[in-house]
Amino acid sequence: MTSSLLPRQALWWLIGSQLYVALPHFSRVPLWILAVYAGAALWRLQMYRHRADMPHKLVRLMLGLGLGGSVIVSYQTFVGLDPMVALLLVASALKGVESVRVKDGYVLVSLGLFIMTTQFLYDQQLPTMLYGVIGTLLLVISLIAINQRPGASLGRRECFLALRMLGLAMPMMVVLFVLFPRIDPLWSVPSKTQQGTTGMSDVLRPGDVTRLGRSSEVAFRVQFDGSIPPNRELYWRGMVLNQFDNRAWRTLEWKDHPAIERQLERPTLEGDSLHYHVIMEPSMQNWLYALPYAESDSRGVFETWDFRLAVAKPLESTFSYKVVSQQPTALQPVLSQWRRETELAFPPGLNPRTRAWVAEQLAAVEGVDDFILRVLRYFREQPFFYTLEPPAISDDDFVDQFIFNSRRGFCEHYAYSFVVIMRMAGIPSRIVGGYQGGEVNDVNNTLVVRQFDAHAWTEIWLENRGWVRVDPTAAVSPARIELGLESALAEEERFLTDSLLSAYRFRNVSIINWLRLRYDAAAWRWQSFIVGFDSGEQINLLKLWFGEIKVGWFVAALLGSWIAILGPLTWWMTRSRRSSDRLPTEKAFAALCRILARRGIDRQIGETPLHFLTRVEAQLAANDPLVIELEKLAVRLYAPVSGSIE
Amino acid sequence: MQSLIEQTVANIGEVVLGKELEVRRALCCLLSGGHLLLEDLPGMGKTTLAHALAHSLGLSFGRVQFTSDLLPSDILGLSVFDRERSDFEFQAGPIFNQLLLADEINRATPRTQSALLEAMAEAQVSIDGQTRPLPNPFFVIATQNPIHQSGTYALPESQLDRFLMRLSIGYPSAEAERRLLVRGDQSGLAQLPISMNAQQLVEIRGSVNAVALSDSLIAYVQRLTAFTRDAPEFAMGLSPRGMLALVACARTWALMAGRDYVVPDDVQAVIESVVAHRLVPSADYSGDGAALVALMQRSVDVIPE
């Protein structure tokens with residue numbers, strides 16, 4: 001039997017679910033793909049209304065090739081995640097146009113599931129998962145609609161059936177989730193473009209952190225084993241900026257160091273250690289955030305010479321790591337000559353007024369500590385303001401402008417000025433970037449650190465004490481450090497005014513806040529147990545269950561047993577579908593038609609053997625064996641014994 | 001036998017010019033023993049075709065012009081009191097002819113329509129408690145006008161089903177129209193020879209049953225029927241009676257073509273006339289019965305892939 005036609009109501013579900021799964025991708029693909037989608041859907045609806053015919057096979061082929069080519073042209077390449085997704089979207093749009101039979105419906109649903117999955121290559125957060133579940137449900141309903149009797153209505157019963165089918169698939173899903181081998185990708189997933197990622201970067205200009213202050217996106221989540229330290233101690237170190245160059249502070253890279261400086265120094269530690277687990281959102285950077293002094297034994301995490309944690313590749317997806325932090329007695333108590341020079345370097349000609357001021361202060365103080373206190377007191381006593389909207393200073397002599405004239409700035413302005421003053425006074429110092437504070441979620445005792453918690457502070461090196469943290473912002477606005485950014489900006493009323501719909505903004509509404517905190521707790525579970533379940537965790541779990549086993553053997557046994565069960569099953573199912581109750585003559589005729597089709601003579605659907613014969617005779621020689629065979633078959637198909645009457 | 005049929009087609013073709021296919025189909029309908037519904041605009045030759053068929057098949061002919069005040073007794077006949085014999089005497093109505101032309105059938109009231117349709121189904125009429133058989137063969141050719149429907153009573157689907165075929169004749173070709181003009185007033189009906197007698201007609205109808213149906217063809221007809229029941233364009237699929245009618249006509253068509261077995265070409269030649277009036281398109285389908293038949297023909301393959 002030829003595959004029967006798609007029921008009309010199924011078409012709506014198919015088009016709807018296709019649009020649904022494609023929707024999140026539309027923000028990432030070029031606009032013309034949206035137009036292709038709309039055009040295809042419109043054309044299909046016109047076909048549904050019998051106002052248009054399906055485009056000819058040749059036209060469809062040309063469209064497919066043309067649009068595939070357009071994808072390559074508009075991305076300039078064929079490899080990579082984005083062009084692949086675009087190609088998939090175009091394919092599903094075109095397939096939608098030619099979907100008239102039930103088997104096309106199956107292809108469309110499978111494509112939809114695949115597109116749904118590609119969504120997770122971009123984002124693996126809880127909302128994406130929920131979106132995916134709804135999408136899968138829609139696709140399953142479409143599957144039911146495809147298999148319905150035409151004209152039957154699709155009601156609550158069918159929706160419940162879809163839910164039940166998904167429910168029945170759950171155990172299988174769990175088994176696959178736990179057991180399916182997490183093979184490292186055979187090819188590296190092409191890097192996503194860095195568009196639209198927020199977060200700290202390894203170059204700091206005045207105004208960079210200020211911009212982050214307007215975003216309530218989550219940067220990372222932390223769960224402490226014990227109690228959460230007070231806000232003022234939560235300095236999440238991310239990167240260290242040592243070098244001033246062309247109006248910006250930069251990180252020294254590994255390759256900038258002389259060979260002798262590359263080795264790690266382990267400080268002696270004292271006091272209680274803090275154990276915590278961090279899940280970072282994709283940052284497109286390779287450093288991790290942790291409280292000083294941090295050590296981690298998570299896979300792929302290493303320590304750097306400036307006592308930070310980092311990974312080898314920029315984080316393109318969420319990353320989870322465990323950290324132990326403990327207070328050092330002294331961080332790098334001995335400073336090498338090269339390092340001292342690096343941490344003191346500042347272009348000599350800049351900021352003459354500051355240089356004069358520093359010299360003046362130095363003359364009046366006794367010792368380094370007194371000088372530092374004096375500078376901090378200056379920040380506290382002079383009319384400095386902590387603000388999200390500092391005036392732009394484009395001058396080369398930034399510090400002169402800032403500390404004597406504008407005096408309105410965000411954390412990086414203070415850190416910048418403070419480091420310059422220290423370096424002018426001969427005290428090695430550097431800017432540290434990261435996050436400060438975070439929001440405690442009592443529901444599951446986690447800390448959520450958002451982009452607006454981004455902060456910049458300084459570290460100065462003191463004889464015998466090593467690197468010591470000094471936060472000049474605390475001198476200007478103690479509330480920022482004790483209570484967070486919002487309290488610090490209470491008077492300004494500029495906090496998060498740009499993100500109108502952010503749930504964080506409405507946390508004064510108790511029900512929203514209640515929901516928000518519970519959602520965050522669920523998101524933590526999702527990130528730590530589901531997204532974080534990597535091959536290492538899998539192997540640990542399997543070892544727990546099955547004892548010591550060889551991973552390779554386990555995978556082989558697993559795949560082997562699946563192939564052993566599913567292989568024969570698939571073969572049997574396709575075989576039973578293929579062998580219909582066709583007569584031998586009909587099979588022979590169909591075979592002959594295939595041969596003739598290869599010769600370029602296609603039989604149309606509904607064309608009778610006799611009509612086809614006249615067409616074939618017109619194209620082939622009369623004594624062609626194919627013609628003779630066709631002639632015989634055309635009679636044998638229908639005649640009882642032979643010939644005709646009279 | 002085939003020459004007899006060809007002769008009949010040729011004879012009628014002398015009267016109904018340039019409409020060989022329609023004449024063949026109409027003849028096929030009568031040879032299959034079914035009733036014919038002619039649906040076309042006024043003046044297209046419906047009555048002429050009916051007259052020519054009756055005449056050349058040698059059938060007795062009666063005609064009733066249906067109007068809204070037509071009563072069942074005007075068709076069936078009635079008993080009249082004979083004063084001299086002091087008894088009722090039955091005066092047979094036009095239905096007691098071998099071929100009845102029911103002109104503009106949709107103008108009569110449903111009551112009168114059903115009296116006729118009942119007689120068509122039963123091949124007998126009951127009047128005053130007495131059952132009277134209708135002649136054999138008995139054919140009805142009904143005509144109706146597809147437009148100007150005001151003041152008419154459209155035949156319901158269940159009654160359309162009583163007609164084996166519904167035909168429309170359509171405008172003649174330019175060549176046929178030229179000959180029509182040259183011929184002038186003379187319709188040629190008077191000169192039309194009688195091609196066969198009722199006895200021969202009954203014989204032909206008997207031999208239709210000998211036409212063979214192969215398994216492939218039965219499967220094809222079943223697929224066609226299944227399509228009308230599955231495809232979403234149909235509000236109502238083809239009934240078993242409709243399927244039987246299709247096969248009966250295809251058999252006659254095969255016989256008319258001189259074959260003792262049916263090929264799909266036979267089915268396709270008659271399918272529109274037999275099936276179109278039995279199909280109801282679904283509410284959101286813009287086409288009519290003919291479009292549905294076309295859809296069937298291009299969707300259902302004769303031999304499955």
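At what angle do the axes of helix α1 (residues 2-15) of chain B and helix α2 (residues 20-31) of chain B cross? Keep that in mind while you look around; the notes below begin with the answer.

1. **A helix pair in chain B.** Please remember that this is a predicted model. The axes of α1 (residues 2-15) and α2 (residues 20-31) of chain B cross at roughly 125° and come within 10 Å. Angles over 145 degrees count as roughly antiparallel, and 65 to 115 as roughly perpendicular; α1(B) and α2(B) are therefore oblique to each other. As α1(B) passes α2(B), the crossing is right-handed.

2. **Who meets whom in that pair.** From α1(B), look for B:T8, B:V9, B:I12 and B:G13; they meet B:E20, B:V23, B:R24 and B:L27 of α2(B). Sorted by class, this contact of α1(B) with α2(B) holds four nonpolar, two polar and two charged residues.

3. **A helix pair in chain A.** Now turn to helix α1 (residues 8-22) and helix α2 (residues 31-48) of chain A, which pack at an angle of about 175° with their axes 11 Å apart. That angle makes α1(A) roughly antiparallel to α2(A). In α1(A), the residues to find are A:R8, A:L11, A:I15 and A:A22, and they meet A:Y37, A:A41, A:R44 and A:Y48 in α2(A). The contact of α1(A) with α2(A) has six nonpolar residues, two charged ones and no polar ones.

4. **An open sheet in chain A.** Try tracing the six strands of this open sheet in chain A in the order β8-β11-β6-β2-β16-β15; the pairing is antiparallel. Why do β8 (294-295) and β15 (439-441) of chain A each have one side without a neighbour in the sheet? Both stand at the edges with a single partner strand each, so one side of each is left free of a neighbour there.

5. **One pairing inside that sheet.** Strand β2 (residues 218-224) and strand β16 (residues 446-450) of chain A run antiparallel and are joined by five bridges. For a place to start, find A:Q223, which stands opposite A:T446 in β16(A). A general point may help as you look at the side chains: in a regular strand they alternate between the two faces of the sheet.

6. **A strand with partners in chain B.** Is strand β5 (residues 99-103) of chain B largely enclosed or left open? Four of its five residues are buried, so β5(B) is largely enclosed by the rest of the structure. Five bridges link β5(B) to strand β2 (residues 61-65) of chain B, and these two run parallel. β5(B) also runs parallel to strand β8 (residues 139-144) of chain B, with four bridges joining them. B:L99 is a handy landmark: B:F61 stands opposite B:L99, and in β8(B) the bridge partner of B:L99 is B:F139.

7. **Chain B as a whole.** Stepping back, chain B has 12 helices and 11 strands. Of its 305 residues, 43% count as buried. Take the contacts in chain B between residues at least 6 apart in sequence: 76% of them join residues at least 24 apart.

8. **Where the chains touch.** The contact takes 30 residues from chain A and 31 residues from chain B. On the side of chain A that touches chain B, the elements giving two or more residues are α20 (584-598) and α21 (609-619) of chain A. α20(A) gives the most, with four residues. By class, this side of chain A divides into 15 nonpolar, nine polar and six charged residues.

Note on methods:
Residues are numbered from 1 along each chain as its sequence is written. Chains are lettered from A and ligands numbered from 1 in the order in which they are written. This is a predicted model: local features need pLDDT of at least 70, side-chain atom pairs count only at pLDDT 80 or more; totals for chains, interfaces and linings use all residues. Axes are lines fitted to C-alpha atoms, for helices over the stretch in contact, and angles run from 0 to 180 degrees between N-to-C directions. Angles under 35 degrees count as roughly parallel, over 145 as roughly antiparallel, 65 to 115 as roughly perpendicular and the rest as oblique. Two residues are in contact if their C-beta atoms, placed from the backbone, lie within 7 Å. Ala, Val, Leu, Ile, Met, Phe, Trp, Tyr, Cys and Pro count as nonpolar, Asp, Glu, Lys and Arg as charged, and the others, Gly among them, as polar. A crossing is left-handed if the near helix is turned anticlockwise from the far one by less than a right angle, and right-handed if clockwise. A residue is buried if 20 or more other C-beta atoms lie within 10 Å of its own, exposed if 12 or fewer, and partly exposed in between; C-beta atoms are placed from the backbone. Two strands pair if DSSP finds at least two bridges between them.
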